[in-house]
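Please find below my notes on the model. They deal with one helix and with the empty space in the protein.

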Amino acid sequence: MARVIVFGSLNMDLSMVCGRMPRAGETVLGSGFFTNPGGKGANQAVAAARSGATTLMIGRVGDDAFGQRLTDGLLLSGVDCVEVQTESGYATGTAMIVRSEGQNRIIVDPGANHALDAAAARQILQKLAQPGDVLLTQLECDLDATFAVIDLAHQMGLYTILNAAPAHELPDSVYGALDLLCVNETECDSLCGVYPADRWRAREALDCFTQHGVRNTVITLGKKGSVTLADRRVVRVPAYKVPAVDSTGAGDAYLGVLAGRLCDGSSLIEGMRYATAASALAVQKAGAQQSMPTQAQMQEFIDVHGLDAQEDAAQKEAWEQKNLLDDSAQGDDDQGAQS
């Protein structure tokens, strides 16, 4: 049976909310402070496990209270933590999160997340992985170790997924070893110089990543959903309209559930639809891991709202036609995930 193997970060999130983001040199009053287990790797592992996928985590924590709490949280969510080990001499990774108007700003201290080097990471993956497993990783751990794990996973016959966050220049060898690259709008702009504001720009960005050797790319678009190429056509899965409380865990919920669905044999488009439902549930709660939905919660949401999110005509028209006059020579694509 295929499994999701997550090589990634474990951070303790320190979060509060404010009425607006402070300007440079300004102090504003906040409220609602809380600590919550996080880190992109751990969040995505929790999301995958809660969605029903057999999930293993590879990572490191410091010898402190935060590290123990992070490990306990993963275990409670059903994540195999045999390779989540304590590194003496390191502090557990931490993230400072400021939330305002449903958006967030995040600063991360990686701490023990950078303790694993390339040789050690490869050795662990060689021991754990089997052909057909799904490797899910991000860019919050040591980059050399991350790139080495992607390369080995590709050689071993795993399905490789990279969430290129935070954005960082990638060598061509990494692009060529990826079955799926997932980026948000800002990361997309940073990596290929194209901000996917509409269908035309999204097509340009997706083609750019394909030319680098990536087999599939998904760009998440916030309230506009997510987009990919299928049979050379642009296919967008719209987002659900839900009241947003905190977007901190939305992208990680999306990635974890998408990896779990692909592990279970779903097509990429079907996986994107389930991932979109998971993201819609995640934004309705504060915090990262505590916002990750269970399989039962996702099914209840889908039973009520359907697996295909609906959007109003104005939003769809804006996506389709914003730059139509400038880019009319680029050709025609399908207009949505329902196609």
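The points below take the helix, then the cavity.

1. Basis. The model is predicted: local features need pLDDT of at least 70, side-chain atom pairs count only at pLDDT 80 or more, and totals for chains, interfaces and linings use all residues. Residues are numbered from 1 along each chain as its sequence is written, and side-chain values use heavy atoms, with hydrogens and water left out.

2. Length of H4. Helix H4 covers residues 143–156 (helices are DSSP runs of H or I, at least four residues, and strands are runs of E, at least two, numbered from the N terminus). Its 14 residues should span 20 Å, because the expected span is 1.5 Å times one less than the number of residues. The end C-alpha atoms are 20 Å apart, which agrees.

3. Packing of H4. Buried residues (under 20% relative accessible area, 1.4 Å probe, protein chains only) of H4 include Phe147, Ile150, Leu152 and Met156. The buried residues of H4 pack (heavy atoms within 4.5 Å) against strands E1, E8 and E9 and helices H3 and H5.

4. Just after H4. Gly157 takes a positive phi of about 90 degrees.

5. Cavity. The largest cavity (on a 1 Å grid over the protein atoms alone, a set of points where a 1.4 Å probe fits but cannot get out) holds about 40 Å³ of space, the volume being that filled by probe spheres set on points joined across faces, edges and corners. Its lining residues (an atom within 4 Å of a point) include Phe7, Arg60, Asn113 and Cys141.

Key:
Buried < 20%, exposed > 50% of the residue type's maximum accessible area, 1.4 Å probe, protein only. 1 Å grid on protein atoms, 1.4 Å probe; cavity = no way out; pocket = protein on both sides within 12 Å on 5 of 7 lines; lining within 4 Å.
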